[in-house]
Amino acid sequence: MKIADLKINGMINPLGYDFDRIGITFNLADTDMKKLFCKMEISDREDFSHLVYSSKADPLHENVVDFAWEPATRYHIKITVLHDDEVICKDESGWFETAGIEFKGKWISTDCKSHPVFSTEFDICKKVASARMYVCGLGMYEAYINGKKISDEYLNPLLNDYEEEYEYQTFNITEDISVRNELCVLLGDGWYKGRFGLNGKCNNYGDSYLLRCDVVIRYEDGTRQIIGTDENWKVKGSSIVSDSVYDGEVIDETINDDTVYKCYEVKVEKPLVARTGLPVKEYQRLKPVEVIITPKNETVLDFGQNIAGIISFNSHLGKGETVTFDFGETLQNGCFYNDNYRSAKAQFVYTSDGKEKEVRPHFTYFGFRYLRISGNGKVKAEEVTAIQLSTQLERTGYFHCSDEKLNRLYENALYSQLDNYVDIPTDCPQRDEKLGWTGDAQCFAPTACYNFDTRMFFARFLRNLNMYQKRNGGAVPNYFPMQSFLGGSSQIWGDAITFIPDLLRRYYGNEHLYEKEYEMMNSWLEYVIREMADDKLLVKGHMQFGDWLALDGVTEQSMRGGTDEDYVASMYLYESLKKTAVMGRNLNRDVTELEKKAEFLRNNILNEFFSNTGKLCVDTQTGYLLALWFEVYRDKDEIIRGFKRRLERDAYRIRCGFVGAPNMLQIMAENGMERDSLRLLLNEEYPGWLYEVNHGATTIWERWNSLLDDGSISGTGMNSLNHYAYGNVVEFLYGYLAGIKPLEDGFTRVRIRPLINGFVDEVDCEYNSVNGRYQISWKINAEGNVNVHVEVPYGCKALIQLPGLADFEVEAGSHDWTVKFNDDIRKVYDDDSFLKELAANEKIAEYLKANNPQLYYMGLGDEESKHLTINKIRNMPYLDIPSQFLNELSGFIRTVKY
């Protein structure tokens with residue numbers, strides 16, 4: 001047995017965070033023992049000689065500890081597991097350190113117009129017990145002690161709600177200081193004062209560089225020393241000429257400005273608070289996989305993967321030599337291309353002073369796979385490194401199967417999450433946006449929570465949204481940070497404030513921790529009902545994004561889809577009412593009014609958008625999907641029939657956008673359409689997830705046809721190759737193809753119902769839930785039966801649903817079964833198989849070409865012909881296909897394996 005995944009507020013050993021509560025979670029791994037007793041002790045001393053807290057601990061729930069913690073203090077955690085009074089195991093590795101200092105240093109600024117370096121010197125004359133640096137630099141900062149960068153974090157202080165507050169970070173610098181020390185802080189523009197937002201403006205939040213810092217040194221004799229920012233600090237200009245999160249960075253090392261500028265104290269009204277979010281750090285480093293000399297004689301490096309981050313290189317340039325790096329996601333006609341970045345220059349320019357050194361930008365990041373190198377200086381390709389940056393999240397989910405294209409799709413969604421989780425959930429990491437669009441975040445959140453532990457990440461995002469709410473009467477912005485362009489609120493996007501907390505409750509449990517989120521949810525509902533809804537609570541006539549980028553709009557390149565936007569908005573209000581009522585009920589609140597409003601709205605939706613006989617009048621794929629997902633219908637069977645008819649009329653081509661597509665396969669699988677869900681998943685033609693894979697995608701595209709068949713980009717107005725919304729299909733891989741879905745909050749009880757099929761031979765999936773590791777694997781064996789392996793963590797249960805077996809439940813441990821079928825499960829073809837599926841099988845194709853070429857070529861023909869089946873052809877006598885042949889074909893295809 002071992003104690004695993006000890007976390008404090010979802011973090012491992014957090015230093016200097018804003019704690020309004022302290023919740024501790026841990027798991028018991030590698031054990032099948034029961035009736036274990038767990039004890040938690042917390043001490044402000046490493047040897048636990050003085051306890052500040054002691055209590056029984058529960059490995060299946062977040063343990064909220066309640067004691068009067070002191071500011072700027074480290075607390076150590078000990079978990080002890082006992083069985084019949086015998087100590088089984090013990091863990092003393094956990095700790096957390098509070099923030100909450102009262103700054104002695106002042107806010108300072110300078111008249112230096114270039115990117116300034118603030119510095120001071122101090123000496124150490126006694127033995128140091130600990131040293132901390134508390135710092136905030138605006139717009140963006142990097143801090144150095146004795147020439148060494150003090151941390152491995154990037155882009156601090158990150159993207160705060162600068163209209164409300166500024167955040168400072170805390171760093172342990174005990175090992176960095178020596179007898180004589182120079183402390184330097186380099187400042188850049190960042191989001192705070194650089195060009196940012198859809199308006200493309202600079203100085204959105206301020207026009208001056210600002211710095212506040214305390215270095216607190218505690219000596220072994222009990223005394224302490226504080227070095228704080230004041231007018232005595234010195235300022236010099238740096239070699240950074242410009243920086244922008246959109247345009248990149250320009251560094252000129254030949255600048256020789258030895259002027260020492262004065263700094264002065266400034267009054268800052270906004271509060272300075274401890275950090276609330278996880279740091280942005282290096283995720284991995286990539287070397288070029290190919291050096292390309294393009295038809296335009298450009299030198300382009302291909303890193304093989306679309307990422308968000310920066311590059312570094314070893315400079316051997318002569319003095320005054322310049323090299324320019326341009327960043328792009330794709331090539332066009334074999335040449336470098338980044339017109340889809342719109343106004344974002346996305347460029348790093350470096351001019352050397354002649355000294356050899358490793359060079360990188362400081363205050364920007366790019367979205368890229370390809371790097372064009374130009375200029376009068378020479379750079380060796382093997383000395384260029386791509387550094388992927390992302391918020392430091394712990395990975396929790398893993399998926400692999402026998403289909404390599406599905407594996408690539410899974411990786412694409414994983415990378416798009418990493419690339420768009422740079423502090424906030426952005427829409428894209430490359431063009432002149434990089435904004436926290438709430439609708440995109442809501443669409444992808446289920447997959448995000450499978451892939452990584454997102455508790456702290458989303459807690460910070462929701463906190464920022466709530467600060468906006470408080471300023472705007474409960475409204476939730478379309479994106480964060482909201483500016484005037486495309487301001488206001490809309491359904492689906494604003495419903496992130498209800499959908500995400502509900503998701504966090506289901507994935508991580510302990511709904512009593514979501515008091516603040518519950519108030520946010522209610523505040524949003526009150527706003528919508530007051531500002532958008534009519535007396536029937538139907539949301540009508542307001543600006544909505546609707547089923548964004550769906551293919552059933554006026555044209556396939558239209559931004560807004562064809563599903564009635566009032567219907568979509570009203571459905572989302574209904575679902576938000578339901579989710580808020582569930583959260584309130586779990587918090588022991590009176591939710592009678594919420595439930596009444598939900599039922600009232602449901603009836604009005606049925607009267608407005610459904611016929612008396614139960615037919616849905618919004619005849620689009622997304623229309624039917626929402627009805628099934630939110631369970632709004634008079635007759636569920638009629639909705640399923642209508643959806644199937646819609647799919648047939650659409651030739652089984654996806655027509656959905658951001659509302660329908662992310663959850664399409666999951667909804668279908670929940671409603672008896674597993675086979676069709678697999679058809680759409682495995683479809684390699686446009687539009688489809690594997691179409692992207694076949695066209696070389698390494699991240700999820702914004703549009704179904706971001707690249708056309710010939711590799712040309714479909715447009716530049718709004719076309720990102722790294723946009724994760726459609727990547728929520730990976731929830732289907734975890735929850736349906738593998739089959740791990742929560743039945744109770746926190747995954748204490750799950751449903752394991754793998755979608756065993758003959759199209760995929762093998763699936764292996766793991767999810768490290770907040771309460772322990774689940775593992776499911778299934779594999780078709782040589783006899784055509786299926787071997788299933790399941791592992792359930794300590795204290796948890798799993799409802800097992802396997803083909804041909806009655807449902808049963810298992811507890812913690814390792815379990816194996818063999819599912820036997822009457823025939824080989826790999827024989828997937830029958831009278832409902834599409835002609836295009838039959839024509840794609842080599843053995844069946846040869847049979848058709850030899851016996852009925854007409855059907856073979858129909859399987860390669862137009863959309864209508866390709867989606868005919870034997871059953872349909874039987875009722876189409878005008879095709880003149882003999883019934884006897886159809887019977888023979890029916891028997892033959894049942895003998896063929898996929």
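Two strands count as paired if DSSP finds at least two bridges between them. Strands here are DSSP runs of E with at least two residues, helices are runs of H or I with at least four, and both are numbered from the N terminus.

What you see is a predicted model, where local features need pLDDT of at least 70, side-chain atom pairs count only at pLDDT 80 or more, and totals for chains, interfaces and linings use all residues. Residues are numbered from 1 along each chain as its sequence is written, and side-chain values use heavy atoms, with hydrogens and water left out.

I start with one sheet. It is open, has five strands in the order β34-β41-β42-β43-β46, and its pairing is antiparallel. At the edges sit β34 (397–401) and β46 (813–819), each of which pairs on one side only. From one strand to the next, the twist averages 5° (axes are lines fitted to C-alpha atoms, for helices over the stretch in contact; angles run from 0 to 180 degrees between N-to-C directions).

Helix α14, residues 730–738, packs on this sheet and touches β34, β41 (762–769) and β42 (772–780), contact meaning heavy atoms within 4.5 Å. The direction of α14 makes about 65° with that of β34.

Next, β43, residues 786–792: seven bridges join this strand to β46, and the two run antiparallel. One detail there is His-789, whose bridge partner in β46 is Asp-816.

Now the whole protein. Its secondary structure comes to 20 helices and 46 strands. The C-alpha atoms fill a box of roughly 100 × 75 × 60 Å, taken along the principal axes. Of the 898 residues, 64% count as buried (under 20% relative accessible area, 1.4 Å probe, protein chains only).

Terms used. Buried means under 20% relative accessible area, exposed over 50%, partly exposed in between (1.4 Å probe, protein chains only).
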